[in-house]
Amino acid sequence: MCPISGLVQFLIVLVALILICHAVIVKSCNITFNPQNATIHMYDTIIVDYDASNQDGGDYTLYSEDENVASLDKEYLITNDSGSFNVTGNFLGKTVISCKKRGSSGKSESTGNMDIVVIRKKRVIDTMFTASVATLISLLYINFGCAIDWSEFRTILKRPIGPGVGLFGHFVVMPALSYALGVLLFPDNAAMQLGLFFTGVSPAGGASNVWAILLEGNISLSISMTFVSTMAAFAFMPLWIFTLGRVIFRNAKLEVPYTEIMTYVVALIIPLTIGYLIQRYLKRVANFMVRIIKGFSTLLILFIIIFAIVTNLYLFKLFSWQIIVAGMGIPWLGYVAGYLISKLLRQNPVDCLTMAIEIGIQNTGIAIFLLRFALPQPEADLTTVAPVAVAVLTPFPLLLLFVVKKLRSRLHHSHSKLSQEEIVKSENTSNSINGIDINGIS
């Protein structure tokens, strides 16, 4: 055998590879975009210019790799060396604009791409929702200040079982639970894990006090637990965020929202103080405020649920079975944990219910603020689906319990009314019989 044959075979293979690579390169489209990258708002349209060099004379078209995120308004066939096209942002996320052979179902065949990032614009409805809820919650806390038996706070402070259970639940049980659910449901999505974890490490939400009123819980205990939990967040949130939070997401810009927490503390104290002063110096006004507190609380809960769904309607596109399970799991398991802990400590049924509500309801507003500060866009808005799902799904067990309580109350009232009517009827019958007997005897 000729010793050069092996070398010849190698050269043949090498030349063949060069020819194949040349064919692939030739059959491509060199394109540049102006701007090279773009960030656009949802539903907005921008005009993009391009310069293209079509080397093989084939028909190439522009396309978006993910049309759910951003799309071109029509098919753009590259016939000239330059031109322009329109891109519309459809939903939060990232995509790439490139070109490919017309009719091809494959990926990009160009040597230039354009990165598109779609983010959410600030809307008037978001500001309206935040402002209206803050105002209504403040008015409700004035009502709470009128209704509270302030002497109970001394008893709670002397024997602080409730605040202790609240601290353990909010800053031990809930962070561990949210971390476990994040790892289990989103093993490959660190950003979503962080979204759930931030929800779990947040302090008690103000809605817990509203539900304590509606479900006939201990409102004094509920407010004291909310206050202690919010104050304790100054210490416990940094502990969790810079330990386990850093493990989940090393590249995030993590910071504790001290200003936001202090805002919630002030928003809790000032209305309660006003309510206390009304209770002390304006008795008639205080009595009126107490009478309307349940009706006002019911309307507020309905308003928050409906308005929150309408405001965050765009996020429902992101709801998967994992998001739904996480949204149910965090608050619902929190209710169960709070009730079991309080039962183990032999608390009365009313306090058990109050503690369960308090531990299960998180301050999702703080979680959303943390995410928008820690992550870049659009990841920040995409991961807010976690606290939004928790906020939307939190009330359902409580609504069911509220309806059951109302039905039982109605049935009990009807039964009591029937029993009283039967007693009256029986007494009347007895008197009639006695009257006949007396007449007969006489």
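The following is a conversation about a predicted model, between a visitor who asks for reasons and a guide who gives them.

Visitor: How many helices and strands are there in the chain?

Guide: The chain has 17 helices and 9 strands. Of its 442 residues, 43% are buried, and the chain exposes about 23700 Å², of which carbon and sulfur atoms supply 64%. Among contacts with a separation of 6 or more, 77% are made by residues 24 or more positions apart.

Visitor: Why is helix 2 called oblique to helix 6?

Guide: The axes of helix 2, residues 124-147, and helix 6, residues 207-214, cross at roughly 50° and come within 11 Å. Angles under 35 degrees count as roughly parallel, and those from 65 to 115 as roughly perpendicular. The angle of roughly 50° falls in neither range, and helix 2 and helix 6 are therefore oblique to each other. Their crossing is left-handed.

Visitor: Which residues make the contact between helix 2 and helix 6?

Guide: Helix 2 contributes Leu140, Tyr141 and Phe144, while helix 6 contributes Asn209, Val210 and Ile213. Sorted by class, the contact of helix 2 with helix 6 has 5 nonpolar residues, 1 polar residue and no charged ones.

Visitor: What makes helix 6 roughly antiparallel to helix 7?

Guide: The axes of helix 6 and helix 7 cross at roughly 170° and come within 9 Å. Because angles over 145 degrees count as roughly antiparallel, this crossing makes helix 6 roughly antiparallel to helix 7. In their contact, Ser208, Asn209, Ala212 and Ile213 of helix 6 meet Ile219, Ser222, Ile223 and Thr226 of helix 7. The residues of that contact divide into 4 nonpolar and 4 polar, with no charged ones.

Visitor: Why are helix 4 and helix 5 called roughly antiparallel?

Guide: Helix 4 covers residues 161-185 and helix 5 covers residues 190-201, and their axes cross at roughly 165°, coming within 7 Å. With the cut-off for roughly antiparallel set at over 145 degrees, helix 4 and helix 5 therefore fall in that group. The crossing of helix 4 and helix 5 is right-handed.

Visitor: Which residues of helix 4 and helix 5 meet?

Guide: On the side of helix 4 they are His170, Phe171, Met174, Pro175, Ser178, Tyr179, Leu181, Gly182 and Val183, and on the side of helix 5 they are Gln193, Leu196, Phe197, Gly200 and Val201. The residues of this contact of helix 4 with helix 5 divide into 9 nonpolar, 5 polar and no charged.

Visitor: Is Ala180 of helix 4 buried, exposed or partly exposed, and how do you know?

Guide: Ala180, which has its place in helix 4, has a relative accessible area of 43%. Buried means under 20% and exposed means over 50%, so Ala180 lies between the two cut-offs and is partly exposed. The C-alpha atoms of Ala180 and Leu196 are separated by 9.5 Å, and the two residues are 16 residues apart along the chain.

Visitor: Why does Ala38 count as buried?

Guide: Ala38 has its place in strand 2. Its relative accessibility is 10%, and since buried means under 20%, Ala38 counts as buried. Leaving aside neighbours within four places in sequence, Ala38 is in contact with Ile46, Met114, Asp115, Ile116 and Val117. Ala38 and Ile116 are 78 residues apart in sequence, yet 5.1 Å apart in space, C-alpha to C-alpha.

Visitor: What makes helix 16 largely enclosed by the rest of the structure?

Guide: In helix 16, residues 385-393, 8 of the 9 residues are buried, so the helix is largely enclosed. The buried residues are Val385, Ala386, Pro387, Val388, Ala389, Val390, Val392 and Leu393.

Visitor: How do you know that Arg346 is exposed?

Guide: The relative accessible area of Arg346 is 77%, and because exposed means over 50%, Arg346 is exposed. Arg346 lies in the loop between helix 12 and helix 13, and its phi is near 60°, a positive value in a residue other than glycine. Glu216, in the loop between helix 6 and helix 7, is not a glycine and has a positive phi of about 60°.

Visitor: Which peptide bond is cis, with omega near 5°?

Guide: The peptide bond from Asn34 to Pro35 is cis, and Pro35 is found in the loop between strand 1 and strand 2.

Key. Residues are numbered from 1 along each chain as its sequence is written. This is a predicted model: local features need pLDDT of at least 70, side-chain atom pairs count only at pLDDT 80 or more; totals for chains, interfaces and linings use all residues. Side-chain values use heavy atoms; hydrogens and water are left out. Axes are lines fitted to C-alpha atoms, for helices over the stretch in contact, and angles run from 0 to 180 degrees between N-to-C directions. Helices (H or I, at least four residues) and strands (E, at least two) are DSSP runs, numbered from the N terminus. A crossing is left-handed if the near helix is turned anticlockwise from the far one by less than a right angle, and right-handed if clockwise. Contact means heavy atoms within 4.5 Å. Ala, Val, Leu, Ile, Met, Phe, Trp, Tyr, Cys and Pro count as nonpolar, Asp, Glu, Lys and Arg as charged, and the others, Gly among them, as polar. Buried means under 20% relative accessible area, exposed over 50%, partly exposed in between (1.4 Å probe, protein chains only). Accessible areas come from the Shrake-Rupley method with a 1.4 Å probe; for residues, only the protein chains shown count as cover.
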